[in-house]
Amino acid sequence: MLFRAFFALIFLWGVLPSETRESHGHISVVLLGATGDLANKYLWQGLFQLYLDEVSHGHTFTFHGAAQTEPERGRRLVFERLKRLACPSDVPPNRCAVLKDQFIKLTDYHQLKTAEDYATLNQQITTTLSQEGMEEAGRIFYFSVPPFAYAEIARHINSSCRPPPGLWLRVVLEKPFGHDLRSAQELADELRTFFREEEIYRVDHYLGKQAVAHILPFRDQNRHHLDPIWNRHHVERVEIVLKETVDVKNRTGFYEKYGVIRDIHQNHLTEILMFLAMELPANTSSSEDIIRSKLQAFTSLQSPEITSAVIGQYVAYNSHVREELQKGQDYFSRTPTFAGVLVHLDNLRWEGVPFILASGKVLDERISYVRILFKNRAYCTQNETMWDPESSQCKPKQIIFHIGQGELNSPAILVSRNLFKPTMPDSGWKEVRDRPQLRIFGQPLSDYYVYIPVAERDAYSVLISRIYSGKKESFITVENLLASWAFWTPLLDGLSSQVPRLYPGGRENEQLLDFEMVGREVSFVAKETIELMDARDEQTPDKYKTIQSRFRQSQLITAWSEDLINRLASDIEAAAASAVRRSGEFHMALSGGSSPLALFRQLATRHYGFPWRQTHLWLVDERCVPLTDLESNFGTLHEQLLRHVRVPYFNIHPMPVHLNRRLCVEEDKGPELYANEIAALVTNSSFDLVLLGVGADGHTASLFPHSPVGLEGSQGVVFTESPVKPHQRMTLTLPLINKAKRVSVLVMGKGKHDIVTVVSRVGHEPKKWPVSGVSPSSGQIAWYVDYEALLG
């Protein structure tokens, strides 16, 4: 029946008999989740397009919709969807009607829940092929189901519905493929017990978008133009952007678990990044060569820091979460709905070139694009109105892969006319010369060579065709998947404790989400407004304000962590300038730990007026390890600050923990040496500023609870013992710290909330809470506490 229907269509279309009618084998396509949203929106139409494209080329098909829905209802849902299938505009209506009718006849529905159900489907496929006298080529199983269902379905396919030996099997999976490196590895290991890697096709539908799918062909066809300029010497930056206007209402359960970086950056934007950054193989038709080159590009990615990203959350998100997930009014989510991430690669081609990956919900427009902006070294003497778009080197030079939406509202590839005229395949792309009034990135469309597809195709139609053809380069291999998660997971872990910037949404965002690059860091351009908050106001993290009040009868400055660091850095610079005006030098003692790292980076990259040449840098405490050790406070200070600023060598004063080729030995008198150096250089041993942190146990510097060492007496520097490794420490004592003109205590992170609460209530109890003993005798103390530490 199927075989006869197939050849009836061949004759109907006027294809010559005999040699052109030779069958290449039968393919069974099983769509799991056939009644779901993805299947209804895209997959059935994609399978119909596959049928249109390939049925006359030698294969026969049957299509099996499958779900857990009971048969009568499932069959009705599937066939209601099939009635709405559409043909491309170039297919005549009468021919389209015949094709749709035939596709529907080749489609059936199965309820698949148990191993017996899969065995029944397998028997039906085998029996039908035997009755029709057809040879089987292979089977495609498309998993349009949640990932938690993968293992059970995979087990049933492997045990009851595999094609016979020698035939191919293609298993198609939809993201998400885990939510971090560990879960992705576990899922991969689980699937590996049922399928070989070459049988698995992991879908990222953005790789089927026509502009994205043409990145590698474009690079290949224009090698002679791109080879000299596709590198760090000519590329200023690369932007990979996906903006959406919709919110995540009705998807908050998913979004609370994944957020924008897992949803968009880790897959769509990263895969596009690889197509741009990878070395182009000599043979771009080889899937193996492309996959190998992509994996090599992954190894060049530099691990991102927390300062490599900015995150935001649209204001209404929390109300959506509370409503849909039944959370209380005191629930506040840190899930980002916007993120801008700065990525760098460590290789000769791309060293120093910033790749900007940005995406978000409830933004001002719906658009997705890739923009490669080239450096412009030209100076043009004539007025700008005289610049010719093809010959003037002063106009911007860029290549844009316009993925979709926006004012163009079409996939497109644009190349600045003063760059080169690209080579494009006539069969798939056509040049556009109309719409001269349209402007793209500030330039009229006439400044570009513009190409759009001859016929637009849905991404899923493109990918289903490539699944059929076995083109693995359009899909995500397990190696690339794990490499991507290995890159993103540390950043995600670091950002999990960060509070995203709130934004109202749409055009009201104005410049609130604009961010800038300084070195390898990014930060928002617009700073959050600082206001006084009345003590009667409820202090919750959604209050978009900065609190200034009192803490332990001393000055309290509190804000979001980024603004807090900005404020502290500015206050330190002001204190330095004042000290230099007063005495010609500034003596500052800095503590170790993780909290000051952001401050060090801020001072190094934003405060160019800081009087570094008149500044002496001392340490509050040090671990008894070599100064080059990763645990060394001085080593961290050197890496994060000293190597970026111009402090005279003789103004840097590390603690002498390593003397006579040994560490922290009493006989070497390291504490006495450091105290004498302080007395010799610092007037009255009174530092202009001491920066302290607070441990979760209430320790400060290396002064620990339940130890009297360093809490009183005449010694200025002592050895102490830490309860955690490395145990031996050298530290300034409380009496010496309390001689300072100013002490700044920096406390950040939700993990410090409990100790902040305790310290706010206790009196002078340094033996129990060493930080409670910090009280400058004639100076000032200021507490810099971020919202998370203060409010929890």
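## Exercises on loops, backbone and a helix pair

In this predicted model, Ala701 sits in the loop between strand 29 (689-693) and strand 30. Let us begin there.

**Exercise 1.** Find the sign of phi at Ala701, and decide whether Ala701 is buried or exposed.

*Solution.* Start with the backbone: phi of Ala701 is near 50°, a positive value in a residue other than glycine. That deserves a second look, since most residues other than glycine have a negative phi. Next, take the accessibility: the cut-off for buried is under 20% relative accessible area. Ala701 has 9% relative accessibility, so Ala701 counts as buried.

**Exercise 2.** Repeat the steps for Val362: where is it found, what is its phi, and is it buried or exposed?

*Solution.* First locate Val362, in the loop between strand 10 (355-360) and strand 11 (367-374). Then read its phi, which is positive at about 55° although Val362 is not a glycine. Last, Val362 has 14% relative accessibility and therefore counts as buried.

**Exercise 3.** Which residues do the cis peptide bonds before Pro176 and Pro726 join them to, and where are these prolines found?

*Solution.* Keep in mind that most peptide bonds are trans. Lys175 and Pro176 are joined by a cis bond with omega of about 10°. Pro176 belongs to the loop between strand 5 (168-174) and helix 7 (181-192). Now move along the chain to Lys725 and Pro726, where a cis bond has omega of about -15°. Pro726 lies in the loop that runs between strand 30 (717-721) and strand 31 (728-732).

**Exercise 4.** Work out which residues Ser595 is in contact with, beyond its neighbours within four places in sequence.

*Solution.* Place Ser595 first: it is in the loop between strand 23 (586-590) and helix 17 (596-606). With a relative accessible area of 12%, Ser595 is buried. Leaving those sequence neighbours aside, its contacts are Leu746, Met748 and Lys752. Take Met748 from this set: 153 residues separate it from Ser595 in sequence, yet their C-alpha atoms are 6.5 Å apart.

**Exercise 5.** Describe how helix 17 and helix 18 cross, and which residues make the contact.

*Solution.* Begin with the axes: those of helix 17 and helix 18 (residues 633-640) come within 9 Å and cross at roughly 35°. The crossing is right-handed. From helix 17, the contact uses Leu597, Phe600, Arg601 and Ala604, and from helix 18, Thr636, Leu637 and Gln640. Finally, sort these residues by type: four are nonpolar, two polar and one charged.

Terms used
Residues are numbered from 1 along each chain as its sequence is written. This is a predicted model: local features need pLDDT of at least 70, side-chain atom pairs count only at pLDDT 80 or more; totals for chains, interfaces and linings use all residues. Side-chain values use heavy atoms; hydrogens and water are left out. Helices (H or I, at least four residues) and strands (E, at least two) are DSSP runs, numbered from the N terminus. Buried means under 20% relative accessible area, exposed over 50%, partly exposed in between (1.4 Å probe, protein chains only). Contact means heavy atoms within 4.5 Å. Axes are lines fitted to C-alpha atoms, for helices over the stretch in contact, and angles run from 0 to 180 degrees between N-to-C directions. A crossing is left-handed if the near helix is turned anticlockwise from the far one by less than a right angle, and right-handed if clockwise. Ala, Val, Leu, Ile, Met, Phe, Trp, Tyr, Cys and Pro count as nonpolar, Asp, Glu, Lys and Arg as charged, and the others, Gly among them, as polar.
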